[in-house]
Amino acid sequence: MFCKECEKFVPENKTECPYCGSTEFEQKEIAVIHDAPSTLWWFICFVVPFLGLVLYIVWKKKFSQRADSCLYAFLTQVGIALFIGIYWAIIGMVTCAFQVGIF
(Lines give C-alpha, C1' and ligand atoms only; values in the text may rest on other atoms or scores of the structure.)
Protein backbone atom coordinates (compact mmCIF):
# COMPACT_ATOMS: atom_id res chain seq x y z
CA MET A 1 0.00 0.00 0.00
CA PHE A 2 1.02 3.59 -0.51
CA CYS A 3 0.06 6.62 1.56
CA LYS A 4 -2.24 9.05 -0.28
CA GLU A 5 -0.63 12.04 1.47
CA CYS A 6 3.13 11.46 1.17
CA GLU A 7 3.01 8.65 -1.44
CA LYS A 8 5.52 6.49 0.43
CA PHE A 9 5.26 2.72 0.82
CA VAL A 10 3.42 1.52 3.94
CA PRO A 11 3.52 -2.16 4.99
CA GLU A 12 0.19 -4.04 4.94
CA ASN A 13 0.09 -4.49 8.73
CA LYS A 14 0.20 -0.73 9.50
CA THR A 15 -2.97 1.28 10.14
CA GLU A 16 -1.33 4.66 9.73
CA CYS A 17 1.57 6.00 7.73
CA PRO A 18 4.82 5.97 9.75
CA TYR A 19 6.04 9.04 7.81
CA CYS A 20 3.10 11.46 7.93
CA GLY A 21 0.46 9.80 10.15
CA SER A 22 -2.26 9.61 7.48
CA THR A 23 -4.73 6.73 7.61
CA GLU A 24 -5.69 6.82 3.92
CA PHE A 25 -3.94 4.34 1.68
CA GLU A 26 -4.18 3.20 -1.93
CA GLN A 27 -2.98 0.18 -3.85
CA LYS A 28 -0.46 0.80 -6.61
CA GLU A 29 1.39 -1.58 -8.83
CA ILE A 30 5.13 -1.36 -8.51
CA ALA A 31 6.85 -1.19 -11.87
CA VAL A 32 9.86 -3.43 -12.20
CA ILE A 33 12.73 -1.87 -14.13
CA HIS A 34 14.99 -4.37 -15.83
CA ASP A 35 18.55 -3.19 -15.77
CA ALA A 36 21.45 -5.19 -17.12
CA PRO A 37 24.73 -4.53 -18.86
CA SER A 38 24.03 -4.07 -22.56
CA THR A 39 26.34 -5.03 -25.40
CA LEU A 40 24.10 -3.25 -27.89
CA TRP A 41 24.33 0.05 -25.99
CA TRP A 42 28.08 -0.48 -25.55
CA PHE A 43 28.50 -0.81 -29.32
CA ILE A 44 26.27 2.20 -30.08
CA CYS A 45 28.16 4.34 -27.57
CA PHE A 46 31.49 3.06 -28.89
CA VAL A 47 30.57 4.25 -32.38
CA VAL A 48 29.22 7.59 -31.07
CA PRO A 49 31.31 8.28 -27.94
CA PHE A 50 29.67 11.57 -26.97
CA LEU A 51 26.30 9.76 -26.85
CA GLY A 52 27.84 7.32 -24.35
CA LEU A 53 28.78 10.14 -22.01
CA VAL A 54 25.34 11.77 -22.29
CA LEU A 55 23.50 8.48 -21.71
CA TYR A 56 25.69 7.71 -18.71
CA ILE A 57 24.78 11.04 -17.12
CA VAL A 58 21.07 10.56 -17.88
CA TRP A 59 20.82 6.88 -16.87
CA LYS A 60 23.28 6.59 -13.96
CA LYS A 61 20.57 6.50 -11.26
CA LYS A 62 17.73 4.70 -13.00
CA PHE A 63 19.65 2.19 -15.16
CA SER A 64 23.03 1.97 -13.45
CA GLN A 65 24.33 -1.15 -15.23
CA ARG A 66 23.24 0.03 -18.69
CA ALA A 67 24.76 3.44 -17.91
CA ASP A 68 28.03 1.75 -16.96
CA SER A 69 28.07 -0.02 -20.35
CA CYS A 70 27.77 3.37 -22.07
CA LEU A 71 30.51 4.87 -19.91
CA TYR A 72 32.87 1.93 -20.59
CA ALA A 73 32.31 2.34 -24.35
CA PHE A 74 33.03 6.07 -24.09
CA LEU A 75 36.21 5.48 -22.09
CA THR A 76 37.33 2.70 -24.45
CA GLN A 77 36.89 4.93 -27.48
CA VAL A 78 38.69 7.85 -25.81
CA GLY A 79 41.54 5.54 -24.79
CA ILE A 80 41.89 4.20 -28.32
CA ALA A 81 41.80 7.71 -29.77
CA LEU A 82 44.53 8.86 -27.34
CA PHE A 83 46.68 5.85 -28.17
CA ILE A 84 46.34 6.42 -31.92
CA GLY A 85 46.99 10.16 -31.51
CA ILE A 86 50.14 9.59 -29.47
CA TYR A 87 51.31 6.88 -31.90
CA TRP A 88 50.96 9.17 -34.92
CA ALA A 89 52.57 12.07 -33.07
CA ILE A 90 55.62 9.90 -32.38
CA ILE A 91 55.69 8.66 -35.99
CA GLY A 92 55.48 12.28 -37.16
CA MET A 93 58.34 13.39 -34.91
CA VAL A 94 60.55 10.50 -36.03
CA THR A 95 59.76 11.21 -39.68
CA CYS A 96 60.63 14.88 -39.23
CA ALA A 97 63.84 13.93 -37.46
CA PHE A 98 64.88 11.74 -40.41
CA GLN A 99 64.01 14.49 -42.90
CA VAL A 100 65.98 17.09 -41.00
CA GLY A 101 68.92 14.73 -40.63
CA ILE A 102 69.00 14.25 -36.87
CA PHE A 103 69.06 10.44 -37.32
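**Exercise 1. Which residues make up the largest nonpolar core in this predicted model, and which element gives the largest share?**

Step 1. Start with the members. The largest nonpolar core has seven residues: Cys45, Leu55, Trp59, Phe63, Ala67, Cys70 and Ala73. The model is predicted.

Step 2. Assign them to elements. Both α2 and α3 give two or more residues to this core.

Step 3. Find the main contributor. Helix α3 supplies the largest share, three residues.

Step 4. Look at one member up close. Leaving out residues up to four places away in sequence, Leu55 touches Trp41, Cys45 and Cys70.

Step 5. Check for a second core. Another core, of five residues, lies apart from the one above; Met1, Val10, Cys17 and Phe25 are among them.

**Exercise 2. Does the length of helix α3 agree or disagree with the expected span?**

Step 1. Count residues. Helix α3 covers residues 64-100, which is 37 residues.

Step 2. Compute the span. At 1.5 Å a residue, α3 should span 54 Å.

Step 3. Compare. The end C-alpha atoms of α3 are 53 Å apart, so the two values agree.

Step 4. Look just past the end. There, Gly101 takes a positive phi of about 100°.

**Exercise 3. Which residues of α3 are buried, and what covers them?**

Step 1. List them. Arg66, Ala67, Ser69, Cys70, Leu71, Ala73, Phe74, Gln77 and Ala97 are buried.

Step 2. Find the cover. It includes α1 (39-47) and α2 (49-59).

Step 3. Check confidence. Among the elements, α3 has the highest mean pLDDT, 93, and strand β2 (residues 25-26) the lowest, 79. The protein averages 87, with 94% of the residues scoring at least 70.

Note on methods:
Residues numbered from 1 in each chain as written. Predicted model: local features only at pLDDT ≥ 70, side-chain atom pairs only at ≥ 80, totals over all residues. Heavy atoms only, no water. Helix = DSSP H or I, 4+ residues; strand = E, 2+ residues; numbered from the N terminus. Expected span 1.5 Å × (residues − 1). Buried < 20%, exposed > 50% of the residue type's maximum accessible area, 1.4 Å probe, protein only. Contact = heavy atoms within 4.5 Å. Core = buried A, V, L, I, M, F, W, Y, C linked by side-chain atoms within 4.5 Å. pLDDT = per-residue confidence, 0-100.
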